Amino acid sequence: MNIFVFIPTYNEKENLEPLIRDIMKYPENFNILVVDDLSPDGTGGIADRLTEEYSGRVHVLHREGLRGRGYAGMAGFQESVSLGADAVIEMDADFSHQTRYLPEFAKSLETNDIVIGSRYIPGGATEGWGWNRKVNSWVANQLAKRILGLPFKDNTSGYRGFKKEILVNLPWNRFISPGPSILQEMLFHALPKNPRCIEIPIVFIDRTAGYSKISLMVIIKWIRALLKIRLAGR
Ligand SMILES: Nc1nc2c(ncn2[C@@H]2O[C@H](COP(=O)(O)OP(=O)(O)OP(=O)(O)O)[C@@H](O)[C@H]2O)c(=O)[nH]1
Ligand SMILES: [Mg+2]
């Protein structure tokens with residue numbers, strides 16, 4: 001199976017090179033697509049250099065115009081499929097999502113359509129979070145469940161895999177998420193077709209380099225976006 005690891009980046013200059021080198025240690029069928037939104041810190045240039053070094057296995061898309069985790073997601077999944085992916089695993093660039101789980105994701109994708117790296121099933125955990133981050137995450141998970149009816153133990157994880165068949169059938173042209181609500185929007189639109197889903201435990205480690213792009217404004221916009229997704233319906 002041809003796997004693409006899709007990594008959205010915005011100002012991740014400390015993280016991207018070690019992350020790509022780490023993933024390149026996995027078997028040849030693991031490819032990478034970086035989607036960078038013209039990061040002012042030069043992350044895009046680092047991606048370009050590694051694209052040449054690992055020619056054919058590492059790819060980069062430089063997005064122009066409005067930046068956003070949601071826009072990057074729409075571009076990243078569709079571009080991965082056009083580059084020949086049979087399945088796409090998305091992960092953050094900040095090492096919160098450990099690469100050691102990639103083989104298990106790939107294996108689970110052989111018999112499942114959607115694989116979610118879950119912090120909230122036995123064996124899963126978060127490391128390095130204070131109580132406020134834990135409460136925020138719990139509330140976010142509840143909102144995703146109640147507003148959109150998402151059924152997972154971890155509805156806000158950004159470490160997940162999708163089979164190509166799911167991705168090509170999503171109504172991308174109706175997607176409305178500029179930001180992180182794309183994580184929930186994808187599940188909302190994928191679930192009615194009864195995909196085979198599994199959650200696998202992951203230990204999420206708080207980032208040690210770079211900075212989080214999540215702010216109070218991002219959270220408020222995320223909740224508004226969930227409501228809009230629900231109102232727009234399927
Ligand atoms: N292309 C692109 N990537 C983004 C954008 N915003 C965030 N990202 C990337 O999306 C991933 C998740 O962003 P983070 O800031 O780590 O947010 P998070 O992981 O939800 O929150 P933290 O746990 O606080 O780090 C990282 O790889 C970011 O670089 C954006 O506007 N465009
Ligand atoms: Mg992060």
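How far is an oxygen atom of ligand 1 from an N or O atom in the side chain of arginine 67? The separation is 2.7 Å. The model is predicted.

## Contacts of ligand 1

Two further polar contacts involve serine 212 and lysine 213. A polar side-chain atom of serine 212 is 2.5 Å from an oxygen atom of ligand 1. Lysine 213 contributes through its backbone, with an N or O atom 2.7 Å from a ligand 1 oxygen. The protein buries 91% of the 630 Å² that ligand 1 exposes when taken alone.

## The shell around the ligand

The shell around ligand 1 comprises 19 residues, and Glu12, Arg67, Arg207, Ser212 and Lys213 come nearest. By class, nine residues of this shell are charged, seven are nonpolar and three are polar.

## The pocket

Ligand 1 occupies the largest pocket. Two elements, β1 (3-9) and α3 (69-82), give two or more residues each to the shell around ligand 1. The volume of the largest pocket is about 1600 Å³.

Its lining consists of 49 residues; Arg69, Pro180, Lys213, Ile214 and Val218 lie nearest the centre of the pocket. Lys213 is thus named both here and among the residues that come nearest to ligand 1.

## Elements and classes of the lining

At least two lining residues come from each of β1, α3, α5 (131-148), α7 (182-190) and α8 (216-232). Helix α8 supplies the largest share of the lining, nine residues. The lining of the largest pocket has 21 nonpolar residues, with 14 polar and 14 charged.

How values were computed. Residues numbered from 1 in each chain as written. Chains lettered and ligands numbered in written order. Predicted model: local features only at pLDDT ≥ 70, side-chain atom pairs only at ≥ 80, totals over all residues. Heavy atoms only, no water. Near = heavy atom within 4 Å. Polar contact = N/O pair within 3.5 Å; in protein donor to acceptor, adjacent residues only side chain to side chain. Areas by Shrake-Rupley, 256 points an atom, 1.4 Å probe, with all protein chains shown as cover. 1 Å grid on protein atoms, 1.4 Å probe; cavity = no way out; pocket = protein on both sides within 12 Å on 5 of 7 lines; lining within 4 Å. Sits in = over half its atoms within 2 Å of the grid points. Helix = DSSP H or I, 4+ residues; strand = E, 2+ residues; numbered from the N terminus. Nonpolar A, V, L, I, M, F, W, Y, C, P; charged D, E, K, R; others polar. Points joined across faces, edges and corners; volume = space filled by probe spheres on them.
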